[in-house]
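Colleague: I am new to this model and would like a close look at how one part of it is packed against its surroundings. Could you take me through it slowly, giving the cut-off behind each term as you go?

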Amino acid sequence: METIKVNVSWCDKNFAASLGDNVPGAVVLTAKSYDELVDEVRETLKFHIEGMVEDGDDVPQWLLNGDYEFEYHLDVAALLQMCSPYATIAAISRASGINPHLLSHYANGIKKPRSGQRQRIVDGLHKIGHELISVV
């Protein structure tokens, strides 16, 4: 089974995605919500494959057979926007120890965090998730 890397970013109040290098051609799409984006990735790839077949392009057999899975890689802005229905910037700030004003800049794409900051955000989100899961 092949893994298709889906690179997701936050761009002009939309989620934007591009498919990895193992998919021939350029596949780029946008959606208003993360859930919509996940659905659109499947549909857009299907449409892309159909177009390649109609054009007589070489299509890898694994793509034709649907023998693939998606692996989503979100930049920090997309990650924070995806989590916004479930956790506020203030909550993520408390859990990660990152200033809420700086988190807001990350969420809106004004600033790009270093990898260590991204990890602190992910760890903070995991902390929030573990606390919610522990509720009985």
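Modeller: What follows begins with the whole chain, then turns to the helices and their packing, and ends with a few single residues.

This is a predicted model, in which local features need pLDDT of at least 70 and side-chain atom pairs count only at pLDDT 80 or more, while totals for chains, interfaces and linings use all residues. Residues are numbered from 1 along each chain as its sequence is written, and side-chain values use heavy atoms, with hydrogens and water left out.

The protein chain contains six helices and four strands, where helices (H or I, at least four residues) and strands (E, at least two) are DSSP runs numbered from the N terminus. Along the sequence these elements follow the pattern β-β-β-α-α-β-α-α-α-α, and the C-alpha atoms fill a box of roughly 55 × 35 × 25 Å along the principal axes. Of the 136 residues, 38% count as buried; buried means under 20% relative accessible area, exposed over 50% and partly exposed in between, with a 1.4 Å probe and protein chains only. Of the contacts (heavy atoms within 4.5 Å) with a separation of 6 or more, 50% are between residues 24 or more positions apart.

The part to look at closely is helix 3, which is mostly covered, with seven of its eight residues buried. These buried residues are Val76, Ala77, Ala78, Leu79, Leu80, Gln81 and Cys83, and what covers them includes strand 1, strand 2, strand 4, helix 4, helix 5 (100-107) and helix 6. At the start of helix 3, a side-chain oxygen of aspartate 75 comes to within 3.3 Å of the backbone nitrogen of alanine 77; a polar contact is a pair of N or O atoms within 3.5 Å, and within protein one must be able to donate a hydrogen and the other to accept it, with residues adjacent in sequence counting only if both atoms are side-chain atoms.

Helix 3 packs with helix 5 at an angle of about 105°, their axes being 7 Å apart; axes are lines fitted to C-alpha atoms, for helices over the stretch in contact, and angles run from 0 to 180 degrees between N-to-C directions. This makes helix 3 roughly perpendicular to helix 5, since angles of 65 to 115 degrees count as roughly perpendicular, under 35 as roughly parallel, over 145 as roughly antiparallel and the rest as oblique. Val76, Ala77, Leu80 and Gln81 of helix 3 make this contact with Leu103, Tyr106 and Ala107 of helix 5. By class, the contact of helix 3 with helix 5 has six nonpolar, one polar and no charged residues; Ala, Val, Leu, Ile, Met, Phe, Trp, Tyr, Cys and Pro count as nonpolar, Asp, Glu, Lys and Arg as charged, and the others, Gly among them, as polar.

Two of the elements that help to cover helix 3, helix 4 and helix 6, also meet each other: the axes of helix 4 (residues 89-96) and helix 6 (residues 115-133) come within 8 Å and cross at roughly 105°. That makes helix 4 roughly perpendicular to helix 6. On the side of helix 4 the residues are Ala91, Ile92, Ala95 and Ser96, and they meet Arg120, Ile121, Gly124, Leu125, Lys127 and Ile128 in helix 6. The residues of the contact of helix 4 with helix 6 divide into six nonpolar, two polar and two charged.

Helix 3 (76-83) itself is among the elements that cover the buried residues of helix 1, as are strand 1 (2-11) and strand 4 (68-74). In helix 1 the buried residues are Tyr34, Leu37, Val38, Val41, Thr44, Leu45, His48, Ile49 and Met52. After helix 1 comes glycine 56, whose phi is positive, near 75°.

Threonine 44 counts as buried because its relative accessibility is 18%, and beyond residues up to four places away in sequence it touches Val27 and Leu29. Valine 27 sits in the loop between strand 2 and strand 3, is buried with a relative accessible area of 6%, and touches Ala17, Ser18, Leu19, Thr44 and His48, again leaving out residues up to four places away in sequence.
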